[in-house]
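I opened the model to look up what surrounds the ligand. A buried residue was next on my list.

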Amino acid sequence: MKRAVCPGSFDPVTNGHLDIISRAARLYDELYVAVLVNQSKAGLFTPDERIEMLREVTAEYPNVRVDTFRGLLVDYCRAHQIGVVVKGLRAVSDFDYELQMAQMNYGLAGIETLFMPTNPLYSFLSSSLVKDVARWGGDVSDHVPKTVGRRLAERLPPRGGDSAPWRPEGE
Ligand code: ADP
């Protein structure tokens, strides 16, 4: 059985993550989506909430399993007989760090990394940007699944920036 993992914080899952997950699910018999639990860094959503959202939005992919991991990703891979890590690449700025991690993971445990170029629709999208926009009442409905949009609105009641929409001078 060919298994791969998409690791990340998923705080919360965006359409960019979902694009990579759905494409990777077509390539492997089983795809794990593993939420990194980082005790020293509290997110907006708890790991359980992130998992719940991920389960909802990946329910249509029968070979996707959502789970958590802490510590080294390679240890998680070994424990679950996973040979491949799938990473989405948004831009060259992602590449430097991802290359180092991929080489380290290969050196540590022979785990391969597959880089998947993002759909250009999502190349600017990150969970942190989505949270920033939602925090100020911006519309993120094109960037996250509906259920995530609802939870963001509940968790981050808009602070209300300037209420009048910006208009170019002269209008
Ligand atoms: P972020 O908080 O930056 O959104 P995560 O740690 O949750 O990142 O991301 C997990 C994985 O998903 C990483 O491999 C990252 O490159 C990938 N990813 C994140 N956003 C996108 C996107 N918009 N398009 C493609 N891949 C993405």
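I took helices (H or I, at least four residues) and strands (E, at least two) as DSSP runs, numbered from the N terminus. The model is predicted, so I required pLDDT of at least 70 for local features and 80 or more for side-chain atom pairs, while totals for chains, interfaces and linings use all residues. Residues are numbered from 1 along each chain as its sequence is written, and side-chain values use heavy atoms, with hydrogens and water left out.

Entry 1, the shell. I counted a residue as near the ligand if one of its heavy atoms lies within 4 Å of it. There are 15 residues around the ligand, and F10, K87, G88, T118 and Y122 come nearest. I looked up which element gives the most to the shell: α1 does, with 3 residues. β1 (3–8), α1 (15–25) and β4 (84–89) each supply at least two.

Entry 2, ligand contacts. I searched for polar contacts (pairs of N or O atoms within 3.5 Å; within protein, one must be able to donate a hydrogen and the other to accept it, and residues adjacent in sequence count only if both atoms are side-chain atoms). A polar backbone atom of Y122 is 2.8 Å from a ligand nitrogen. A backbone N or O atom of F10 lies 3.0 Å from a ligand oxygen. In the side chain of R90, an N or O atom is 3.2 Å from a nitrogen of the ligand.

Entry 3, E30. I found E30 in strand β2 (residues 30–36). E30 counts as buried (under 20% relative accessible area, 1.4 Å probe, protein chains only) because its relative accessibility is 14%. Its side chain makes a polar contact with the side chain of R3, at 2.6 Å.

Key: Buried means under 20% relative accessible area, exposed over 50%, partly exposed in between (1.4 Å probe, protein chains only).
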